[in-house]
Amino acid sequence: MKTKILVTGGTGFIGSHTVVELQNAGYDVVIIDNLSNSDITVLDGIEKITGIRPTFGQIDLTSKLDLENFIGQHQDIKAVIHFAAFKAVGESMLKPMMYYNNNVIGMVNLIDTLINYKINKIVFSSSCTVYGEADDLPVTENSEIKKAASTYGFTKQIGEQILIDAARVGEMNAITLRYFNPAGAHPTSHIGELPIGVPNNLVPYITQTAAGIREILTVNGNDYPTPDGTNIRDYIDVVDLSLAHVIAVKRLIENKNLEMFEVFNLGTGKGSSVLEVIKSFEKVTGLKLNYKIGPRREGDVISIYSDTKKANEVLGWKANRSLDDMMLSAWNWQKKISKLN
Ligand code: WQD
């Protein structure tokens, strides 16, 4: 009998790639997603890669009754990976209540429901944005959690505190994974990043500009105190990131976690500026990207990248794919969905 894992937000960018790796590892995957920022056709892509179509429920975490009814039909769930959340720093500064409702109320409903059904193992999709503007780089898991620079980052800080408190009273066993900047796409190009509407994130905006969907990329500021004036981030391949989730779930199911609340940074340890990402894209594609320098974006931190020692040593996980690999897989995916040759 396969071990059943619930993946919330499983038709999303990181969620769908993680579902593939969970199925590859032999787990039975159930997805819930409200399809607010993803498309049901992602299930076809997952099935094309693994040959297994995951069980799917179109559930909004803010509808607690629907959530309780759905989980009531899957009480054999052994662990949960919680991705379902809005995740755009810039957008969160413009629509804070949308982020509080979805990311915080949704998470309270989920944790409450899981506790009621005695499902107490969860991997939480957190973010390096919980660190705010870090004083020292690279950030480690013990770096100070400063005031979040964005509403999005604050909702992730709240999410972590919910799990810390639930773990403290013995109601949850949680591993929190703090992602840096996920990028790239599955090597088969059957799944990838599929932003609905105008992309908030850099890499899909680059690929859509190169595909002619967007006229020009605006670089959000080049007057930061960095070598080339643009923001620095730690871009991590989505498949590398997904593999870390399989390791984390296994760790919980086999009770290998040392505390009831564990935190791991998931990055490469290498920082890249916006202009370096553009240069990498142009190098691997041979294309000239149309971009201009614009004003800073509210909520952006100057620079952040990770110290990956803990995940490397404790989880035995390391990111392998390079920035060039990510740019190429992201472009191959964009060409596929834009039907470019
Ligand atoms: C990166 C840089 C922008 C778009 C992301 C996720 C968040 C979290 C952390 C996982 C910034 C600049 C962007 C554009 C630009 N990851 N940019 N022009 O804000 O670091 O956050 O990683 O949880 O969920 O959103 O990523 O790609 O939005 O921005 O110049 O059109 O690219 O200003 O400096 P960010 P991003």
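How many residues of the shell around the ligand are nonpolar, how many polar and how many charged? The shell divides into 11 nonpolar, eight polar and four charged residues. The legends below describe close-up views of a predicted model.

**Figure 1. Residues and elements that surround the ligand in the predicted model.** The ligand has 23 residues around it, of which Y152, L202, N231, R297 and D300 come nearest. At least two residues of the shell come from each of strand 5 (121-127), strand 7 (181-183), helix 7 (202-210) and strand 8 (217-220). Strand 8 makes the greatest contribution, with four residues. Both domain 1 (4-183 + 236-266) and domain 2 (202-233 + 269-307 + 320-337) take part, each supplying at least three residues of the shell.

**Figure 2. Contacts of D300, F180 and N200 with N or O atoms of the ligand.** D300 places a polar side-chain atom 2.6 Å from an oxygen atom of the ligand. F180 approaches through its backbone, where an N or O atom lies 3.1 Å from a nitrogen atom of the ligand. In N200, a backbone N or O atom lies 3.4 Å from an oxygen atom of the ligand. Taken on its own, the ligand has 680 Å² of accessible area, and the protein covers 95% of this area.

**Figure 3. The tilted aromatic pair of F86 and Y99.** A search of the whole structure finds three aromatic pairs. In the pair shown here, the ring centres of F86 and Y99 are 5.6 Å apart and the planes meet at 55°, so the pair is classed as tilted. F86 belongs to the loop between strand 4 (77-82) and helix 4 (89-94), whereas Y99 belongs to helix 5 (residues 96-116); the pair therefore ties together parts that are 13 residues apart in sequence. F86 is buried, with a relative accessible area of 14%. Y99 is also buried, at 0% relative accessibility.

**Figure 4. The edge-to-face aromatic pair of Y100 and F154.** The ring centres of Y100 and F154 lie 6.2 Å apart, with 85° between the planes. This pair links distant parts of the chain, with Y100 in helix 5 and F154 in helix 6 (residues 151-168), 54 residues apart. Y100 is partly exposed, with a relative accessible area of 26%. F154 likewise counts as partly exposed, at 37% relative accessibility.

**Figure 5. F264 in strand 11.** Strand 11 spans residues 261-266 and contains F264. With a relative accessibility of 0%, F264 counts as buried. The C-alpha atom of F264 is separated by 16 Å from that of I14, a residue 250 positions away along the chain.

**Figure 6. Backbone geometry at P138, L35 and K118.** The peptide bond that joins L137 and P138 is cis, with omega about -5°. P138 is located in the loop between strand 5 and helix 6. L35 is not a glycine, yet its phi is positive, at about 55°. This residue, L35, sits in the loop between strand 2 (28-33) and helix 2 (42-50). K118, another residue other than glycine, also has a positive phi, near 55°. The loop between helix 5 and strand 5 holds K118, and K118 is exposed, with a relative accessible area of 73%.

Note on methods:
Residues are numbered from 1 along each chain as its sequence is written. This is a predicted model: local features need pLDDT of at least 70, side-chain atom pairs count only at pLDDT 80 or more; totals for chains, interfaces and linings use all residues. Side-chain values use heavy atoms; hydrogens and water are left out. A residue is near a molecule or strand if one of its heavy atoms lies within 4 Å of it. A polar contact is a pair of N or O atoms within 3.5 Å; within protein, one must be able to donate a hydrogen and the other to accept it, and residues adjacent in sequence count only if both atoms are side-chain atoms. Accessible areas come from the Shrake-Rupley method with a 1.4 Å probe; for residues, only the protein chains shown count as cover. Ala, Val, Leu, Ile, Met, Phe, Trp, Tyr, Cys and Pro count as nonpolar, Asp, Glu, Lys and Arg as charged, and the others, Gly among them, as polar. Domain bounds come from an automatic or database domain assignment. Rings of Phe, Tyr and Trp (its six-membered ring) pair if their centres lie within 6.5 Å; planes under 30 degrees apart count as stacked, over 60 as edge-to-face and the rest as tilted. Buried means under 20% relative accessible area, exposed over 50%, partly exposed in between (1.4 Å probe, protein chains only).
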